[in-house]
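Q: Hi! Could you walk me through a protein model? I'm new to this, so plain words please.

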Amino acid sequence: MSEAAPDTAALPRDGQEHRLHPLSWLFVLLAQLKQFILPLLVLLFAGRGDRNDLWGLLAMAGLVVASLAEYFTYRYLLRSDGIRIRSGWLHRSLREIPFARIHNVNLHQSLLHRMFGVAEVRLESAGGTKPEAQMRVLRLDQALALEALVRRRGNPGDAAGEADAAPPLLALSTGELVRLGLISNRGMLVVAAAFGALAQTGEDVFGVLVERWGRLLFGRVSEFMGEHAHDSTLGIGLAAVSLAVVALVLVRLLSVLLAILQFHGFTLREDDGRLSVERGLLARSRSSARRRRIQAWSLREGVLHRWFRRRSLRVDTAAGQRGAQEQHTLKDIAPIASPGHCDALIRHFLPDAGWDALDWQPLHRGAWLRIAMPGLLLVLVAVVAGCWRFGGIGLLGLLLLPLQLWRARRIAAACGYADNGRLVAWRTGWLAKTWNFAEVDKVQALRLAQSPLDRRLGMASLLLDTAGASPFGAPLHLHHLPLAAAQALSARLGAQLARRRLQW
């Protein structure tokens, strides 16, 4: 996407209704095909050779008609204080979106978008599960101009200086993206999906792979190890181990490729209090949100992160999306960066929060037992099943009990919580560490909870809810606190929330 100053003259004048780009129907059709691709393939190919394949053609024709109808009935009108969107033919809709209520503006360009010089625009408000408006598609200059218009009219005091691009707070080089790919495991998701699809064929996919790999591996040494070396126990074992090593290498290479495709040209900027992130190699996207819309933070350091001396920093915004659209929202502030750079970003965005001087408090002295309980129960169930299947040898599983207790003690010692009146934070993890924190002013609700075992042990958990927090993400959940400390913290935070105005 171009970083040139947007020309607002590219937009229609205020008070004048306007259609989307003439090719908008094509991109709507492609989006619908992604949702119905499997049923359409079944209709097209399951009944080949008879009249049933006509149903697939009729379904395709119906999607084309629906896409054209959406294009001809979709209108947007710019007003001085917001956008009016009219859509629908049989079921008509009229939506008024004030500029001041638009929290995030996301621009997305796939490879096809870039070929035609267009972009998709998503306008998001606080806490919405769907965008307030999804404009597929506008000319690129119109999309950039609309983004600038929302920024200027939604925050009139911040219009000055928007033409000058701010220096980036973070820009990722290709080397950093290679490290990100090696640290992440994105390639495993693709491999798991491929194995799941192959497993539906009913064949032993792994067995076939090991057999063919063994034949390839031992083909050149058969004269020394025998013609059927690949069928021997040693041959099968060597083939399985070497295949696993090759698979791990390929998965890491695939992860690197996916990281480069997704985060190429990653740039984090702040301009007049608005954050923007641009990224992508083939498909480019730019997400932007007001700095004050950030509700919660998550800093992560896994085992591979520590090997490379890196961390990752993510945020939840007030307009956090769910499902397939979440990848286009402002989430990754620093997909990968050094610990010092991550701390510098936190200090930049939260200058007076005291992040570096938090006084971390330990958990309840019996928290290790509470953490170990699920693992202990799982080991006992496995021991009972092993004894029933293999006899007394199954008792060897009891050797895992001390390991579970040692692991629980290490986790309990690594966890902690902190509250300095400005920030409330939770630290968890032993091998993979995570810090979740939020400004007290961004907390919306508190919930103090106790299970029957918690009541017996004299501990409690405190859940802090913020706007835009994902139920599938890392919540600000303070586990296994001493009951008195949890009650005191809940009362203190409750009093602060009652006195202060919610900031978002």
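What follows is a chat about a sheet, some aromatic rings and the cavities.

Q: Before we start, what kind of model is this?
A: It is a predicted model, so please keep that in mind as we go.

Q: Got it. What's the strand order in the open sheet of 6 strands?
A: The order is S14-S13-S12-S17-S16-S15, and the pairing is antiparallel.

Q: And which strands are at the edges?
A: Those are strand S14 (332-337) and strand S15 (416-419), and each of them pairs on one side only.

Q: How much are neighbouring strands turned against each other?
A: On average by 15 degrees, if you ignore direction.

Q: Can we zoom in on S12 and S13? Over how many bridges do they pair?
A: Strand S12 (residues 294-301) and strand S13 (residues 311-317) pair over 6 bridges, in the antiparallel sense. If you'd like a spot to look at, find Ala296: Asp316 in S13 stands opposite this residue.

Q: Nice. Switching to rings: how many aromatic pairs are there?
A: The structure holds 7 of them. One to look at is Trp297 with Phe437, which is a stacked pair. Their ring centres are 6.1 Å apart, with 0 degrees between the planes.

Q: Where do those two sit in the chain?
A: In distant parts: Trp297 is in strand S12 and Phe437 is in strand S17 (residues 433-439), 140 residues apart.

Q: Are they buried or exposed?
A: Trp297 is buried, and Phe437 is buried too.

Q: Which residues make up the cluster that Trp297 belongs to?
A: Ring pairs link Trp297 and Phe437 with Phe349 and Trp355 into that cluster.

Q: What about charges? Which residue lies over the face of Trp368?
A: That's Arg409, at 4.0 Å from the ring centre. There is also Arg427, whose charged end sits over the ring of Trp360, 4.8 Å from its centre.

Q: New topic: empty space. How many cavities of 30 Å³ or more are there?
A: The count comes to 2. The second largest has a volume of about 40 Å³.

Q: What lines that second largest cavity?
A: The lining includes Leu20, Val28, Tyr71, Gln134 and Arg136. Helix H1 (24-45), helix H2 (53-73) and strand S7 (133-139) are the elements that give two or more residues to the lining.

Q: And which element gives the largest share?
A: H2 does, with 3 residues.

Technical notes:
Residues are numbered from 1 along each chain as its sequence is written. This is a predicted model: local features need pLDDT of at least 70, side-chain atom pairs count only at pLDDT 80 or more; totals for chains, interfaces and linings use all residues. Side-chain values use heavy atoms; hydrogens and water are left out. Two strands pair if DSSP finds at least two bridges between them. Helices (H or I, at least four residues) and strands (E, at least two) are DSSP runs, numbered from the N terminus. Axes are lines fitted to C-alpha atoms, for helices over the stretch in contact, and angles run from 0 to 180 degrees between N-to-C directions. Rings of Phe, Tyr and Trp (its six-membered ring) pair if their centres lie within 6.5 Å; planes under 30 degrees apart count as stacked, over 60 as edge-to-face and the rest as tilted. Buried means under 20% relative accessible area, exposed over 50%, partly exposed in between (1.4 Å probe, protein chains only). A charge sits over a ring if NZ of Lys or CZ of Arg is within 6 Å of the ring centre and within 35 degrees of the ring normal. On a 1 Å grid over the protein atoms alone, a cavity is a set of points where a 1.4 Å probe fits but cannot get out, and a pocket is an open set with protein on both sides within 12 Å along at least five of seven lines; lining residues have an atom within 4 Å of a point. Grid points are joined across faces, edges and corners, and a volume is the space filled by probe spheres set on the points.
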